[in-house]
Amino acid sequence: MNGNSFLGRIVDGVSETRRLPDDHPIRCLGRKKMNIFTGAQFGCLLALWGFKQCAVTAIFFPSVIGMLMAIRAFVLPRFFTEEDFVALGDPSP
């Protein structure tokens with residue numbers, strides 16, 4: 001899937017660093033920080049999938065999307081700077 005930075009970071013997380021371009025997030029931030037961000041995204045994706053699987057909780061799915069927005073706006077900035085978000089391809093609006 002071209003253009004999907006999430007899937008690209010998953011593949012690049014296990015790639016050799018010397019094969020990546022100079023402006024790649026691994027070279028800017030380091031493999032650990034990039035993998036922490038990708039892991040947080042993957043955890044949120046798993047939580048969404050699990051939440052929608054249960055018919056009782058699926059009605060609150062739009063509220064969970066709002067919670068993801070709150071996580072991105074208030075929780076992740078405690079661990080990543082704005083420069084980190086720009087390097088990862090996820091700048092704040």
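## The largest pocket

The largest pocket comes out at about 230 Å³ in volume. Keep in mind that this is a predicted model.

Who lines it? The lining is made up of Phe6, Phe37, Ala40, Gln41, Cys44, Leu45, Leu48, Leu68, Ile71, Arg72, Leu76 and Asp90. Sort those by character and you get nine nonpolar residues, one polar and two charged. As for where they sit, helix H3 (31-53) and helix H4 (61-75) each chip in at least two lining residues, and H3 has the largest share, with six.

## The nonpolar core

Next up is the largest nonpolar core, a set of nine residues: Leu20, Ile26, Leu29, Met34, Phe37, Leu76, Phe80, Phe85 and Leu88. Helix H2 (25-29) and H3 each contribute at least two residues to this core. Phe37 and Leu76 belong to the core and also turn up in the lining of the largest pocket.

Leu20, one of the core residues, touches Asp12, Ser15, Ile26 and Arg27 once residues up to four places away in sequence are set aside. Of those partners, Ile26 is itself in the core.

## Arginine 9

Is arginine 9 buried or exposed? Arginine 9 lies in helix H1 (residues 5-12), and its relative accessible area is 4%, under the 20% cut-off, so it counts as buried.

Skipping neighbours within four places in sequence, arginine 9 is in contact with Met34, Phe37, Thr38, Gln41 and Leu88. Among them, Met34, Phe37 and Leu88 are core members, while Phe37 and Gln41 are part of the pocket lining.

Conventions: Residues are numbered from 1 along each chain as its sequence is written. This is a predicted model: local features need pLDDT of at least 70, side-chain atom pairs count only at pLDDT 80 or more; totals for chains, interfaces and linings use all residues. Side-chain values use heavy atoms; hydrogens and water are left out. On a 1 Å grid over the protein atoms alone, a cavity is a set of points where a 1.4 Å probe fits but cannot get out, and a pocket is an open set with protein on both sides within 12 Å along at least five of seven lines; lining residues have an atom within 4 Å of a point. Grid points are joined across faces, edges and corners, and a volume is the space filled by probe spheres set on the points. Helices (H or I, at least four residues) and strands (E, at least two) are DSSP runs, numbered from the N terminus. Ala, Val, Leu, Ile, Met, Phe, Trp, Tyr, Cys and Pro count as nonpolar, Asp, Glu, Lys and Arg as charged, and the others, Gly among them, as polar. A nonpolar core is a set of buried Ala, Val, Leu, Ile, Met, Phe, Trp, Tyr and Cys residues joined through side-chain atoms within 4.5 Å. Buried means under 20% relative accessible area, exposed over 50%, partly exposed in between (1.4 Å probe, protein chains only). Contact means heavy atoms within 4.5 Å.
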